[in-house]
Amino acid sequence: MRQVADVAANSTLAVHDACAALAYRARLGLEMEMVVAHAGTGVSHPVESYFDALSRVKQDRGDACRAEWLSGRCVGIETPTAHCGLDNGFNLLETATAPVDAGPLSLERLDAQAHQELADTLDALQHEQACVLNVAQHPDCPRDPDWYARVCVPRPIYQELVSYRGWHHWVGIDAKAQNGPNTSAPVLHAAQSLNVVLGLAAASIALFGNSPLESGSATGLKENRLTIWPRVFKPARFAGDALLTEYPSRPFRDLGDYFRWMFQPGTVTRSLPLDHRYDYKSAPTVIPDRDPSLTEVLHAARWPGRRSDNGQEAVLIPHAMHFEHSQIAQFLDARWRYRLHTLPAMPELLAAWREEGGLESLFAACGVDGYIEGRAAGAGFADACLIREAGAAVARHVLIGPSALQLGILGNLEEATQLVQDWGWQTLGMLRQAAMQHGMADARVRALCSDVLAVAHAGLPAHSRQHLAYADHVLESGRSAADRLLDTWNSVSQYEDRLQRLLPHHAALHPSLFI
């Protein structure tokens, strides 16, 4: 979510807390990632004319559109209601909705907005005979160097990650997709909110699992998509990169504790921006010499390095923007994402970071706008297979389901925290792997899903609980989208045109067909 918050600046902790309460605006957003396939064959499809067609669809409705370009290619359009772009490849669309102010009908507004964006995407894809698959990973897509070079979005950040840090970025070029809820949280409860979403992530993995296939074969997992991080980072140049994908050993005490974990000794900072820009994937950056952690850089007066785009020598002057910029360094099932209206001076930031609750107080004074970015739910859409099994009334809530679950958990924060304590932090971490492998077939995972859904139902207004209908169906039936996809795959796997045979059952349906 791209947000702007009011400034609330005072000196004492009590006033800071009051200002945080006044400035806080509860908002919701959704990041939809969509696996694109050719509508005739089912093969992975890198879009070509999609953004031109999407602009026409939106402009015909009266929406203003601003195109974004990289290396001579359009890679996204910005509208008043969404940013419509790409994730890592031209075969994986990513639409981030503009935030919706929370309130009695917030989920309903987000639901309508998300389905309108999906409808626009499907209408635009028709112009190049393409569709969206109801999968969290394409069932049979290449990941070889030629395919990677053809479809990878030409963002400068990828040059650093692949060439300098040694990431196997191509592991995810087969369109591993998530359905990412963004739910605002008051800064004073940021760590607690992050802890419950991380601790209870196994439930989201199981309920919304949708990636049992890879490279034309069953993987033995219900949510294979989440195996991406160990495979990307295992060969990396810096061991700390893989460390930031591992479930933490304990919950975070506060934001200072969270960022100390993220920038701990043994981690190596990613490149840092020369100027203050929020386009972290495309902004010009500097790779610091001697591979320091971010903590080391921030405590120095200056740090030499080389620009990531042209290799020229440059000097970084540590700034609060470097701290804010580096918030995306970890790859857990949830992140605390934020933007500060006013950036503090470095001495003030470092002093607050050393104090218990210091960052919460400082961020409140600087006008923080923050939210929890959920990353555990696989991409999911209504398809013909689900409608046959559960009916349109259930199918229409697939897309909004992860948002409803996360909003309900955070709306019932104390009970969610108690649930994490009752199950135990380490036990919940181990259940994550069981959820990936077995999904709802694991009795303990299913029991956790039942507990989590009870907390989420209690955290939502009565009229909004309908948006948990799909998650409720998965719990009651014991069958996720992964199970339905496997059933179809097993019935067509002997055919050469098996991808084509999947389409009538697992292509995402246009919202006009079920709403």
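A contact here means heavy atoms within 4.5 Å. The model is predicted.

**Exercise 1. Place Pro235 and list what it touches.**

Solution.
- Step 1: locate the residue. Pro235 sits in the loop that links helix 8 (228-233) to helix 9.
- Step 2: classify its exposure. Buried requires under 20% relative accessible area, and exposed requires over 50%. Pro235 has a relative accessible area of 38%, so it is partly exposed.
- Step 3: collect contacts. Leaving aside residues up to four places away in sequence, Pro235 touches Gly166 and His168.
- Step 4: check a separation. Between the C-alpha atoms of Pro235 and Glu31 there are 29 Å, with the two positions 204 residues apart in sequence terms.

**Exercise 2. Is Thr245 buried or exposed? Describe its surroundings.**

Solution.
- Step 1: find the element. Thr245 belongs to the loop between helix 9 (239-243) and helix 10 (255-262).
- Step 2: apply the cut-off. Its relative accessibility is 17%, so Thr245 counts as buried.
- Step 3: look for a polar partner. The backbone oxygen of Ala242 lies 2.7 Å from the side chain of Thr245.
- Step 4: list the neighbours. Not counting residues up to four places away in sequence, Thr245 touches Trp229, Phe233, Phe331 and Leu332.

**Exercise 3. Characterise Asp369 and name its side-chain partner.**

Solution.
- Step 1: assign the element. Asp369 is part of strand 16 (residues 368-374).
- Step 2: judge burial. Relative accessibility is 6%, so Asp369 counts as buried.
- Step 3: identify the partner. The side chains of Asp369 and Arg27 make a polar contact at 2.5 Å.
- Step 4: compare with Leu332. Asp369 and Leu332 are 37 residues apart along the chain, and their C-alpha atoms are separated by 21 Å.

**Exercise 4. How many residues of helix 14 are buried? What follows the helix?**

Solution.
- Step 1: count. In helix 14 (residues 358-365), 8 of the 8 residues are buried.
- Step 2: interpret. That count is why helix 14 is largely enclosed by the rest of the structure.
- Step 3: name some of them. The buried set includes Leu359, Glu360, Leu362 and Phe363.
- Step 4: move past the end. Gly367, just after helix 14, has a positive phi of about 80°.

**Exercise 5. Which elements help cover the buried residues of helix 21?**

Solution.
- Step 1: list the residues to be covered. In helix 21 (residues 469-477), the buried ones are Tyr470, Ala471, Asp472, His473, Val474 and Leu475.
- Step 2: list the cover. It includes helix 7 (201-207), helix 15 (384-390), helix 16 (392-395), helix 20 (443-459) and helix 22 (481-492).
- Step 3: check the exit. Gly478 comes just after helix 21 and takes a positive phi of about 75°.

**Exercise 6. What radius of gyration does the protein have, and what would a compact globule give?**

Solution.
- Step 1: set the reference. For 515 residues, a compact globule would have a radius of gyration near 24 Å.
- Step 2: compare. The protein has 22 Å, which agrees.
- Step 3: add the box. The C-alpha atoms fill roughly 65 × 50 × 45 Å along the principal axes.
- Step 4: add burial. Of the 515 residues, 62% count as buried.
- Step 5: turn to the contacts. Taking those between residues at least 6 apart in sequence, 75% join residues at least 24 apart.
- Step 6: inspect the surface. About 19,300 Å² is exposed, and carbon and sulfur atoms supply 53% of it.
- Step 7: locate the charges. The 44 positive and 58 negative charges have mean positions 3 Å apart.
- Step 8: count the elements. The secondary structure comprises 23 helices and 16 strands.

Methods:
Residues are numbered from 1 along each chain as its sequence is written. This is a predicted model: local features need pLDDT of at least 70, side-chain atom pairs count only at pLDDT 80 or more; totals for chains, interfaces and linings use all residues. Side-chain values use heavy atoms; hydrogens and water are left out. Helices (H or I, at least four residues) and strands (E, at least two) are DSSP runs, numbered from the N terminus. The radius of gyration is taken over C-alpha atoms; the globule rule is 2.2 Å times the number of residues to the power 0.38. Buried means under 20% relative accessible area, exposed over 50%, partly exposed in between (1.4 Å probe, protein chains only). Accessible areas come from the Shrake-Rupley method with a 1.4 Å probe; for residues, only the protein chains shown count as cover. Lys and Arg count as positive and Asp and Glu as negative; His and the chain ends are not counted. The place of a charge is taken as NZ of Lys, CZ of Arg, CG of Asp or CD of Glu. A polar contact is a pair of N or O atoms within 3.5 Å; within protein, one must be able to donate a hydrogen and the other to accept it, and residues adjacent in sequence count only if both atoms are side-chain atoms.
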